[in-house]
Structures are given as C-alpha cells and as structure tokens.
Amino acid sequence: MESRVERELIRKCQTGGAAFFEPLVRAYEAEAIRIARIMLGDVDSARDATQEAFVKAYKAIDTFDATRSFRPWFLQILRNQCRDALRSRKARRKFELPEAKTEVRIEAKSLTLDTEREHARREASDLLNRGLAALDESTRDILVMKELEDLSYQEIAATLRIPEGTVASRLYYARRALREALEAMGVRYP
C-alpha cells in the first residue's frame, strides 16, 4: 500500500472513522495469515491470531505514530499475538491427556505432476516450519521478519530497537542456526 494512502487511512481511523481500517486489513491480511501459520503451524490458529492482532491494532490505533509505517508496527502486534497463542497452547497441553493416534493412509494409483509438486512444496514447507520451531524465539523472529515479512534491515532495527549492524550479525547466525536445525533433521543441501 502506498505510504501516503496508508497515512491518510490511519489519520481517518484516529479521528473515529472505523470504516477506514478495513483497507488496512485487506492490504495486510494474507501476509499476516501466512506469517502466523508459520509461527503457529496451522491455518485455523493463524486466522484466529491474525483477527485478534487486527482487533488489538485497531484498539491501539490512537497511539500509533502516523509518520511511521503501519506494516512493521502491525506485524509486531501479530508476532506478540502468536507468541501468546503458543504460550497458551503449551500451558493447555500440560493438562490434557494424550490422545490415541490413528493413522490413515490413502494411496493413489498414479500421481499427476501437479500433485507431486504440491506434495513436494508441502513437504518443504513442513520441514521449514519444523526447522523454525527448533530455533529459540529471538532467532526465529529475526528470520521471520527478514525472510518472510521482507522487512528491511532498517525496519527490523527499529522494531527490535537495535543497530542495523546488529541485525546483519543476528541474521547471519540465525540463518546458520536454521541450516544446522535442518541438517539435524536429515535435510541435505544441493
């Protein structure tokens, strides 16, 4: 979204124009769901977290500095919402009884090329999600910000309140940690 338009929408939201928040939701919703799915592991939880993050952003819109970009601010709210959901999920698991696992196998006589590609894409996505899940929270966050949210070094530095040089250094080590986590799972690089 063009920054001039975004600023105007935010200004109108801040003066009570609730309807002007909807274009911001439409502009960032698909990306937010994708990021939340990576952090939470499933689409339903991702949609819930995204919706809750938009509600929180709307409620806090009066505190937003309209001279800054909305995207990094909102994505930080989303990341915090996902972290809360993960903590809540972890706490619930402590009190749940383990469920019996039932394995269902569906065998296809012949797979089309598209089905094989989709399967490979899903498998790669699952491996990446497992690799990211193996990382500590701060390492995973910086990778998500750069590689999935496509934030600039400057935006990451502003979000984390660290120098840009530190962003570069942390990204180097985060990428290395992800590579090591993937290799530990048996993933081989070409």
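Buried means under 20% relative accessible area, exposed over 50%, and partly exposed in between, using a 1.4 Å probe and protein chains only. With that in hand, let us work through some exercises together.

This is a predicted model, in which local features need pLDDT of at least 70 and side-chain atom pairs count only at pLDDT 80 or more, while totals for chains, interfaces and linings use all residues. Residues are numbered from 1 along each chain as its sequence is written, and side-chain values use heavy atoms, with hydrogens and water left out.

**Exercise 1. Place Thr-15 and decide whether Thr-15 is buried or exposed.**

Step 1: Find Thr-15 in the loop between α1 and α2. Helices (H or I, at least four residues) and strands (E, at least two) are DSSP runs, numbered from the N terminus.
Step 2: Thr-15 counts as exposed because its relative accessibility is 63%.
Step 3: Look for a polar partner. A polar atom of the Thr-15 side chain lies 3.0 Å from the backbone oxygen of Lys-12.
Step 4: Look further along the chain. Ile-61 is 46 residues from Thr-15 in sequence, and the two are 9.9 Å apart in space, C-alpha to C-alpha.

**Exercise 2. Describe the overall make-up of the protein: how many helices and strands are there?**

Step 1: Count the elements, which come to 8 helices and 0 strands.
Step 2: Read their order from the N terminus on: α-α-α-α-α-α-α-α.
Step 3: Check burial. Of the 190 residues in the protein, 33% are buried.
Step 4: Turn to contacts, meaning heavy atoms within 4.5 Å. Among those between residues at least 6 apart in sequence, 64% join residues at least 24 apart.

**Exercise 3. Which residues have the most contacts inside the largest nonpolar core?**

Step 1: Start with the term. A nonpolar core is a set of buried Ala, Val, Leu, Ile, Met, Phe, Trp, Tyr and Cys residues joined through side-chain atoms within 4.5 Å.
Step 2: The largest such core has 44 residues, and Phe-21, Phe-70, Phe-74 and Leu-78 have the most contacts inside it.
Step 3: Ask where the core residues come from. The elements supplying at least two each are α1 (3–14), α2 (22–40), α3 (43–59), α4 (70–95), α6 (137–148), α7 (153–160) and α8 (164–184). The largest share, 9 residues, belongs to α2.
Step 4: Zoom in on Phe-70. Not counting residues up to four places away in sequence, Phe-70 touches Glu-6, Ile-10, Phe-21, Leu-24, Tyr-28, Ile-61 and Phe-64.

**Exercise 4. Examine Ala-46: is Ala-46 buried or exposed?**

Step 1: Locate Ala-46 in helix α3.
Step 2: Ala-46 counts as buried because its relative accessibility is 0%.
Step 3: List its contacts. Leaving aside neighbours within four places in sequence, Ala-46 meets Ile-33, Ala-36, Arg-37 and Leu-40.
Step 4: Add a distance. Ala-46 and Ile-35 are 11 residues apart in sequence and 7.9 Å apart in space, C-alpha to C-alpha.

**Exercise 5. Follow Ala-66: which residues does Ala-66 touch?**

Step 1: Ala-66 sits in the loop between α3 and α4.
Step 2: Apart from residues up to four places away in sequence, Ala-66 touches Arg-7, Ile-10 and Gln-14.
Step 3: Arg-11 is 55 residues from Ala-66 in sequence, with 7.0 Å between them in space, C-alpha to C-alpha.

**Exercise 6. Study the backbone of Arg-161: where is Arg-161 placed?**

Step 1: Arg-161 belongs to the loop between α7 and α8.
Step 2: Arg-161 has a positive phi of about 60° although it is not a glycine. Most residues other than glycine have a negative phi.
Step 3: Arg-161 is exposed, because its relative accessible area is 73%.

**Exercise 7. Inspect Glu-2: which side chain does Glu-2 join in a polar contact?**

Step 1: Glu-2 is found in the segment before α1.
Step 2: Glu-2 counts as partly exposed, because its relative accessibility is 47%.
Step 3: The side chains of Glu-2 and Arg-4 are joined by a polar contact of 3.2 Å. A polar contact is a pair of N or O atoms within 3.5 Å; within protein, one must be able to donate a hydrogen and the other to accept it, and residues adjacent in sequence count only if both atoms are side-chain atoms.
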